[in-house]
Amino acid sequence: MNLQQKNVWFYNDDYPSTLTSAEMSDPLAMINQFFQTYSLPQAKRYLWQAIKYTLTDISTPANELRPTFYRFTIEIERIVDSAWVLQKSLPTKKTFGPDQFSKDYLTRIQNEDFISFLNGSEISNPSKAIHDFFNYASLCSWKKSCLEDMRKTIVDSSYGLYFDSHSLADFVGFSKLSKLLEGLFLLLDRFGYHLDHKIHREHNNWCTSQSDDFIHWLGEYVKKNATHVSLQHLANICYAHRFHHDWNGYNTHKIFESYENVLQVTHAAVHVINRNEVNNRTTDTKKNMDRFKKWSPGRITRFVSNLLITSRTFERSYKRYVQPQKEIDLLTQLIYLAYKIHI
């Protein structure tokens, strides 16, 4: 069917409504254009902020920031439309052949949190992230729900105040869209669009939005927040993972706040440990630091994100619960360590 002749509103079907006929014929060029405008960490940061702005009890962006975020949602719709067109020609299963990336490079970008949501198998087969996104939500339904909520909240701070429909599913949508962006970024190289990865990797960590001076940030943080504050944030994530909840705007915002806090503290701690920026180390502190030498921000992001995505809230039938206690205990120790290693 000629997409240009299809009535999207009448049929209420999937339709790449932001693309012209020429753009539909070359979706990779549109995706490449997006990443020329936004680095991958920057895009995930904007997306995270836009998702948070849809909650009823968090301040919407300041007036001077609203045009920036609104333009970003326009570009997000265009890249999702491009991905929808692209996925029609992508194989559903991994194709065998020489890999465009070396194993060492793929491991490095995953560990550095540059690729922070895709797991190892998805990195080697990035088209899977695209298929998974549209299996989770059709193009039409995504535009009607997540996209419109983001736009309306940015424009009108009172939108949704009395009609709150937000839940932990908002985080699942964020994770799926983040995976889509990462998969598209990797696919560009597969199809001959050679992005300057160095420029993208020079941008700030997507979650912390901090510069390389993590030791200073961590020092300022621990001065203002007692240890139990960070531990409570981790406990909130664990409770959300373990139990069924009735979600609304308020407790969804609190979980998002805890998620962001846990990543910020642990990412900063791992960066400091791996760069050997701690001078006043006791023997016990050094021993504990060595335990986390091989840890990476990417490992933490994938684990903590998975705790929310696999929440029992989403289970439709009873299933024996097995808590990932070992990794939770290690994260707890890392948070304790973060308060010992600051200068």
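Me: When does a charge sit over a ring?
Reply: A charge sits over a ring if NZ of Lys or CZ of Arg is within 6 Å of the ring centre and within 35 degrees of the ring normal. This model is predicted. In it, Arg299 lies over the face of Trp295, at 3.8 Å from the ring centre.

Me: How is a pair of aromatic rings described?
Reply: Two values do the job: the distance of the centres and the angle of the planes.

Me: How many aromatic pairs are there?
Reply: The count comes to 21. One of them joins Tyr38 and Tyr46. Their centres are 6.0 Å apart, with 75° between the planes. That pair is edge-to-face.

Me: Is Tyr38 buried or exposed, and why?
Reply: Buried means under 20% relative accessible area. Tyr38 has 10% relative accessibility, so Tyr38 counts as buried.

Me: Are the rings of Trp217 and Tyr221 stacked or edge-to-face, and why?
Reply: Planes under 30 degrees apart count as stacked. The planes of Trp217 and Tyr221 are at 15°, so this pair is stacked. The ring centres lie 5.4 Å apart.

Me: Where are Trp217 and Tyr221 in the chain?
Reply: Both belong to helix H12, residues 214–224. They are four residues apart there, so about one helical turn separates them. Both are buried.

Me: What does Asn261 touch?
Reply: Leaving out residues up to four places away in sequence, Asn261 touches Tyr221, Ser230 and His233. Asn261 is in helix H14, residues 249–274. Its relative accessibility is 11%, so Asn261 counts as buried.

Me: Which residues form one aromatic cluster?
Reply: Phe34, Phe35, Tyr38, Tyr46, Phe69, Phe72 and Phe185 do.

Definitions and conventions
Residues numbered from 1 in each chain as written. Predicted model: local features only at pLDDT ≥ 70, side-chain atom pairs only at ≥ 80, totals over all residues. Heavy atoms only, no water. Phe/Tyr/Trp six-rings, centres within 6.5 Å; stacked < 30°, edge-to-face > 60°. Buried < 20%, exposed > 50% of the residue type's maximum accessible area, 1.4 Å probe, protein only. Helix = DSSP H or I, 4+ residues; strand = E, 2+ residues; numbered from the N terminus. Contact = heavy atoms within 4.5 Å.
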